[in-house]
Every structure is written in structure tokens, then in C-alpha cells.
Amino acid sequence: MNMEETRQLIDKLFEQADLEDAQLESLIDGRTDEAASYLFEKARVRRNENYGNKVFLRGLIEFTNYCRNNCYYCGIRCGNTGCERYRLSTQQIAQCADQGYELGFRTFVLQGGEDPYYTDEMIAGIVRQLKEAHPDCAVTLSIGERTKETYRLWYEAGADRYLLRHETADKAHYEKLHPASMSFENRMRCLYDLKEIGFQTGAGMMLESPFQTTANIVKDLRFMQDLKPEMIGIGPFIPHKDTPFRDHEAGSAKLTLFMLGILRLMFPEALIPATTALGTVDGRGREKGIEAGANVVMPNLSPAGVREKYLLYDGKICTGDEAAVCIDCMKRRIASVGCEAVVARGDVKGYAGRKLSGKAMTDTRQVIMP
Ligand code: SF4
């Protein structure tokens, strides 16, 4: 495909927010630097129409690196006996949030492995405590697969958003990345439950994970068109030395950046982060991510002493600095690409507030599986 044809496809994607499968595949496979720069220009137009040049900050609190699962790509999988484990107390979590609030964060993301130590009630209590201390803030949970009842409990406790990357929307590919104890159908069920309950829901995939094909990536896009996530997080696969995928090659910043541009055109109103993984494979990855259409960054608020223990992959950046240092660094990076870090909850465009409990919360819509 020559540049003229590529430009036409990008223009079509810009206008229609969609392309046929074969067109998406050839756009992705035929990507060049010139195509990327044209795509990113269009992506910035769409982002700026919806969010201006504002980039939202999320304060990330990685509160436990225990996990009952054993995903083949993950450094904190339960099978990794070399991982030094930690848990933050409720009080430590509250302190991280208080400190983050002082620094200007208005969203806290509680992220962890699937750690049964924290009961459903404990998590609900932590959410309530954070919302009482900082009622103007949003609380995002990112703690894996649970029952619909548990998700509802946490929503009713005040959690606003939930991140659960689907990683791949292809069942056969999913089964190559996860042990038999994990189920593709359950992951999908969780995501549709979260949407139905009323969470602003985040999905997303790992790029260039082992065995991934371009057709898989197109399937990811189709799945997300059906789910309609408010947030989409993507990042390159990066191997961790103590996992079964240790010898697989890391993904490139280039593909992740290109897909950020495509996502912005297909999901113009989505909240799309420039992730730490992107900053790990490229020193300017997060700035480039913003230039490719991203509008969220997630600096780390976890205590500096535990950060280097939350290693999903090798070489992770920002594991040493204190939160205040991180946020200053991030603000400079955002400004360096002509954007502005804002103090705001940063809800998705058009967000109409929380669903009230009652009918809307218990409605059982038929779930359409992709
Ligand atoms: S990817 Fe998530 S669920 Fe899988 S082992 Fe890592 S922390 Fe656990």
C-alpha cells in the first residue's frame, strides 16, 4: 500500500470511526513512520475536539502484589517464587491517597493482583473510606475477576471505575497466555457485568504478546466496539525473567503508538492512557503516546519502598522516585508536547453520574458475547 492509499484509509477512519477488517489489517501491517505521523495528526484532532489538550492524572496505588492467578506473562504470578510479596494496610492506602490529594490527584486507582486476603467487605470499606475522605475524587478499582455481586457491592460502596484489561479477545489466543484454570468466558462476563452495573469500565489488550496476530488485534477492536469501554489501556508485552515467557521478545513502542492513534479515531471519546509499559520500552514513550492521541497518565503513588516489588515485567520505570517527584516529572513531560496536566476527576465525556441503586442496578440485560 502506498502512502496515498494509506492516507485515504486514515481519512476514512477519521470520518467514519471504522474500517473493514481487511483495511484495518493492512493499515496496521503496512505502518510506516510517515503513516504514523499522519495518523497521529488526525488522532490529536479527535482528542482535542473531545478533551482539548488536557491530560488527566490518575494516582496509582499498587496495594498488593499477591495474586492467586498464574498468567504466563506476569511477574507477580503466583508461580513466581522469586517475587518478594507485600500488602499495604488500609491505613497505608489512605495515606497514599491523602498525599496524592495534596499533590493534585482527583482519581485514585487501587490496583493489585487477585489477592483473597482482602475480602470483598474490606475492599468496600477501603472504597468508602477514600470517598469519605475525598468526596470530590473518583475511585478506580483494578483487582481482577469477581462475581457480579461483588462488583455491585463495590459500586454501591462508591467505586466509580473499574479497569480489567481483556488482553486478547480471541479465545484460542487467550488460552495460550493463561493456564487452564483461567477462563476467557469469565473475563468477558466480568467486563459486561461491570458495564451493566454502571462502572466506567476499562478494557484493553497487550500488544505483540506471544502468538498474537494482526487478526487478533482486529478482533480486539471489534470486541471493544461491542463492549464500548469508557477507558482503553494498551501496552507492549514486556517479558519478565521469572515467567514462562521470559525468552519471548518484547513488543515495540511503534505498534503500541500506532494502535493508540487507531483507537483514538475509533473511540474518539475514550479515556486512553499513555502507559508505564510504553514508557519502559521507549524513554519518551509516554510523551509520544500523548502525541498519538492518549489523554491520561497514571503516576505511581505507592510508597517508594514497595514499588520495585510490583514488577509485572522487567525494567519497569519510575520504581524509585517519591510521588511528588513523579508528578513534577510527569507534568514536565506533558507540557513538553503542548498539553496540560489538569487537576480534575477526568470522567469520560458525557458522563451522566452514577447509576442510582434500584431498577437500573438490578436490570439483567442479555449479555452479547463477541
Ligand atoms: S496478570 Fe493480573 S491476574 Fe494475571 S498473574 Fe498478573 S496480577 Fe495476577
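**Exercise 1. Two helices**

In which sense, right-handed or left-handed, does α4 pass α14? Describe how the two helices pack.

*Solution.* The model is predicted, so keep that in mind throughout.

Step 1. Locate the helices. Helix α4 covers residues 90-103, and its partner here is α14. Helix α14 covers residues 323-336.

Step 2. Decide what to report. Two packed helices are described by the angle between their axes and the distance between the axes.

Step 3. Read both values. The angle between α4 and α14 is about 35°. Their axes are 10 Å apart.

Step 4. Give the sense. The crossing of α4 with α14 is right-handed.

Step 5. Find the residues that meet. On the α4 side they are Gln-99, Gly-100 and Leu-103. On the α14 side they are Ala-323, Ala-324 and Ile-327.

Step 6. Sort this contact by class. It has 4 nonpolar and 2 polar residues, and no charged ones.

**Exercise 2. The sheet of 3 strands**

State the strand order of the open sheet that contains β1, and find its edges.

*Solution.*

Step 1. Write the order. It is β10-β1-β11, and the pairing is parallel.

Step 2. Pick out the edges. They are β10 (296-297) and β11 (340-342). Each has a single partner strand, so one side of each has no neighbour in the sheet.

Step 3. Look at one pairing. Strand β1, residues 54-57, is joined to β10 by 2 bridges. Within it, Leu-57 faces Val-297 of β10.

Step 4. Add the helix. Helix α14 lies across β1, β10 and β11. Its direction is at about 135° to β11. This is the α14 that packs with α4.

**Exercise 3. A residue after β11**

Which residues does Val-343 touch, leaving out those up to four places away in sequence? Place Val-343 in the fold too.

*Solution.*

Step 1. Place it. Val-343 sits in the loop between β11 and α15 (359-362).

Step 2. Judge its exposure. Val-343 has 12 other C-beta atoms within 10 Å, and 12 or fewer means exposed.

Step 3. List the contacts. Val-343 touches Gly-104 and Arg-106.

Step 4. Compare sequence with space. Val-343 and Leu-57 are 286 residues apart in sequence. Their C-alpha atoms are 7.4 Å apart in space. Leu-57 is the residue that stands opposite Val-297.

**Exercise 4. The sheet of 6 strands**

Give the order of the open sheet of 6 strands, then look at two of its pairings.

*Solution.*

Step 1. Write the order. It is β2-β3-β4-β5-β6-β8, with parallel pairing.

Step 2. Name the edges. They are β2 and β8, each pairing on one side only.

Step 3. Check the cover of β2. Strand β2 (residues 59-64) is mostly covered, with 6 of its 6 residues buried.

Step 4. Follow β2 to β3. Strand β3 spans residues 107-112, and 5 bridges hold the parallel pair. Ile-61 has Leu-110 in β3 as its bridge partner.

Step 5. Move to β5 and β6. Strand β5 (residues 161-163) is joined to strand β6 (residues 200-203) by 3 bridges. Tyr-162 stands opposite Thr-201 in β6.

**Exercise 5. Tyr-101**

Is Tyr-101 buried, partly exposed or exposed? Find its contacts as well.

*Solution.*

Step 1. Place it. Tyr-101 belongs to helix α4.

Step 2. Count neighbours. Tyr-101 has 19 C-beta neighbours inside 10 Å, so it counts as partly exposed. Buried would need 20 or more.

Step 3. List contacts. Beyond four places in sequence, Tyr-101 touches His-134 and Cys-137.

Step 4. Take a distance. Tyr-101 and Glu-15 are 86 residues apart in sequence and 39 Å apart in space, C-alpha to C-alpha.

**Exercise 6. Two positive phi angles**

Where do Glu-208 and Lys-228 lie? State the phi and the exposure of each.

*Solution.*

Step 1. Take Glu-208. It lies in the loop between β7 (206-207) and α9 (214-227). Its phi is positive, about 60°, although it is not a glycine. With 19 other C-beta atoms within 10 Å, Glu-208 is partly exposed.

Step 2. Take Lys-228. It is in the loop between α9 and β8 (231-232). Its phi is also positive, about 60°, and it is not a glycine. With 12 other C-beta atoms within 10 Å, Lys-228 is exposed.

**Exercise 7. Around the ligand**

Which residues surround the ligand, and how do they divide by class?

*Solution.*

Step 1. List them. They are Cys-67, Asn-69, Cys-71, Cys-74, Ile-76, Arg-77, Gly-113, Glu-114 and Gly-144.

Step 2. Sort them. The shell has 4 nonpolar, 3 polar and 2 charged residues.

Conventions. Residues numbered from 1 in each chain as written. Predicted model: local features only at pLDDT ≥ 70, side-chain atom pairs only at ≥ 80, totals over all residues. Near = placed C-beta within 6 Å. Nonpolar A, V, L, I, M, F, W, Y, C, P; charged D, E, K, R; others polar. Helix = DSSP H or I, 4+ residues; strand = E, 2+ residues; numbered from the N terminus. Pairing = 2+ DSSP bridges. Contact = placed C-beta atoms within 7 Å. Axes fitted to C-alpha atoms, helices over the stretch in contact; angles between N-to-C directions. Left-handed = near helix turned anticlockwise from the far one by under 90°.
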